[in-house]
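This report introduces a protein structure to a reader who meets it here for the first time. It begins with one pair of packed elements and then widens to the whole.

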Amino acid sequence: MKKIIPIIFSMAIFIFACSACSAAKQESDNGKLNVVTTNSIIADMTQNIAGDKINLHSIVPIGKDPHEYEPLPEDVRKAAEADLIFYNGINLETGGNAWFKKLIKNTGKKKNQDYFAVSDGVEPIYLEGKGKEGKEDPHAWLSLANGMVYAENISKQLMAKDPDNAAYYKKRCSQYLSKLEKLDQEAKKTFASIDPEKRLVVTSEGCLKYFSQAYAVPSAYIWEINTEEEGTPDQIRSLVERLKQQPPSALFVESSVDSRPMESVSKDSGIPIYAQLFTDSVAEKGKDGDSYYAMMKWNIDKIAAGLSQ
């Protein structure tokens, strides 16, 4: 009898948990697409296009590094229930500890049927100039032209999964693209007006290659990507030596990294840190940089002002 009671109790908990899970699933369905994105930048783009037509869950929290992440049980559950999953691709969530590959394996989702890389169609830039798989720089969204490719891919998949709201998605995407296109053109004019000898943007991570290519602003950095060893004395010394040859007006530090390595570069080089930039995440809601558009405008304005001193 003593063994039967715990078994009955365990079964009751199991039944209750299943009922609660079923109720939560019914509530989340509410006739809308369940969409999961891997980070806050893709989530914001998706929300701009989908509006109130979807239930949206973003996996990597705002301000956290998307290169290395450990999904929570809720993330796995949301991904399993999702009609659509959007991820960046280009060696971001699938690089490092490959957390996205593990998540997908656990949910049984199928590529280009249930989950899609929003960077599809973007020409990758490679780390250290090496053109081989696994060496792609993932930060393609830091070019607004690439951001527009992301938006078009998101819209395309939303329309395919939810044809009843296709016209709605198409209209909102068109409006969003016009907004991004205008900012892109303004950025090109702004940086073209800055003396070429002053066009060097220095960050902790080498994340601005796509930005540099788009706006003709060369970049330098302490380390190349956040999955590598970060901020070592040799890396700091090497950057300081380079800056002596072409000293910029200002340094920058990203919102999602430890600022201390760049503070060391600033101290050793005598060059001040001008501003914080948004690279791997948008800002918290209600703060400067709290959307993809807002973070890109912030970065453009701060970099231009810092280099123009």
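In helix 6, the residues Tyr176, Lys179, Leu180, Leu183, Ala187, Thr190 and Phe191 meet Tyr292, Tyr293, Met296, Lys297, Ile300, Ile303 and Ala304 of helix 10. Sorted by class, this contact between helix 6 and helix 10 has 11 nonpolar, 1 polar and 2 charged residues. The model in which these contacts are found is a predicted one.

The two helices pack at an angle of about 5°, and their axes are 11 Å apart. Because angles under 35 degrees count as roughly parallel, helix 6 is roughly parallel to helix 10.

Helix 6 also packs with helix 5, at an angle of about 180° and with the axes 10 Å apart. Helix 5 is therefore roughly antiparallel to helix 6. On the side of helix 5, the contact is made by Leu144, Ala145, Gly147, Met148, Ala151, Glu152, Ser155, Leu158 and Met159. Helix 6 contributes Ala166, Tyr169, Lys170, Cys173, Tyr176, Leu177, Leu180, Glu181, Leu183 and Asp184. By class, the contact of helix 5 with helix 6 has 13 nonpolar, 2 polar and 4 charged residues.

## The whole protein

The protein has 10 helices and 10 strands. Of its 309 residues, 49% count as buried. Among contacts between residues at least 6 apart in sequence, 65% join residues at least 24 apart.

## Nonpolar cores

The largest nonpolar core has 56 residues, and those with the most contacts inside it are Phe86, Leu158, Phe191, Phe211, Tyr292, Met295 and Ile303. At least two residues of this core come from each of strand 1 (33-37), helix 2 (40-50), strand 3 (84-87), helix 5 (144-161), helix 6 (166-192), helix 7 (209-215), strand 10 and helix 10. Domain 1 (33-180) and domain 2 (194-308) each supply at least three residues to this core. Apart from it lies another core, of 15 residues, which includes Ala220, Val240, Met262 and Val265.

Leu158 shows the surroundings of one residue of the largest core. Not counting residues up to four places away in sequence, Leu158 touches Leu33, Val35, Ile49, Ala50, Ile54, Leu84, Phe86 and Tyr169.

## Two buried residues and their neighbours

Thr279 is found in the loop between strand 10 (273-277) and helix 10 (292-307). Is this residue buried or exposed? Thr279 counts as buried because its relative accessibility is 1%, and the limit for buried is under 20%. Beyond residues up to four places away in sequence, Thr279 touches Ile41, Trp141, Leu142, Cys207, Glu254, Ser256 and Met295. Met295 is also one of the residues with the most contacts inside the largest nonpolar core.

Ser204 lies in strand 7 (residues 201-205). At 0% relative accessibility, Ser204 likewise counts as buried. Leaving aside its neighbours within four places in sequence, Ser204 is in contact with Tyr221, Ile222, Trp223, Phe252, Val253, Glu254, Val257 and Met262. Met262 belongs to the core of 15 residues.

## Loop residues

Two loop residues have a positive phi although neither is a glycine. They are set out below.

| Residue | Phi | Place | Relative accessibility |
|---|---|---|---|
| Ile90 | about 50° | loop between strand 3 and helix 4 (99-107) | 15%, buried |
| Ala216 | about 55° | loop between helix 7 and strand 8 (219-223) | 45%, partly exposed |

Another loop residue, Lys111, is found between helix 4 and strand 4 (115-117). Lys111 is exposed, with a relative accessible area of 53%. What separates Lys111 and Ile85 in sequence and in space? They are 26 residues apart in sequence and 9.5 Å apart in space, C-alpha to C-alpha.

Gly231 has its place in the loop between strand 8 and helix 8 (233-245). The C-alpha atoms of Gly231 and Ser264 are separated by 9.3 Å, while the two residues are 33 residues apart along the chain. With neighbours within four places in sequence left aside, Gly231 is in contact with Ile222, Trp223, Ile236 and Pro261. Ile222 and Trp223 are also among the residues in contact with Ser204.

Key: Residues numbered from 1 in each chain as written. Predicted model: local features only at pLDDT ≥ 70, side-chain atom pairs only at ≥ 80, totals over all residues. Heavy atoms only, no water. Helix = DSSP H or I, 4+ residues; strand = E, 2+ residues; numbered from the N terminus. Buried < 20%, exposed > 50% of the residue type's maximum accessible area, 1.4 Å probe, protein only. Contact = heavy atoms within 4.5 Å. Core = buried A, V, L, I, M, F, W, Y, C linked by side-chain atoms within 4.5 Å. Domains from an automatic or database assignment. Axes fitted to C-alpha atoms, helices over the stretch in contact; angles between N-to-C directions. Parallel < 35°, antiparallel > 145°, perpendicular 65-115°, else oblique. Nonpolar A, V, L, I, M, F, W, Y, C, P; charged D, E, K, R; others polar.
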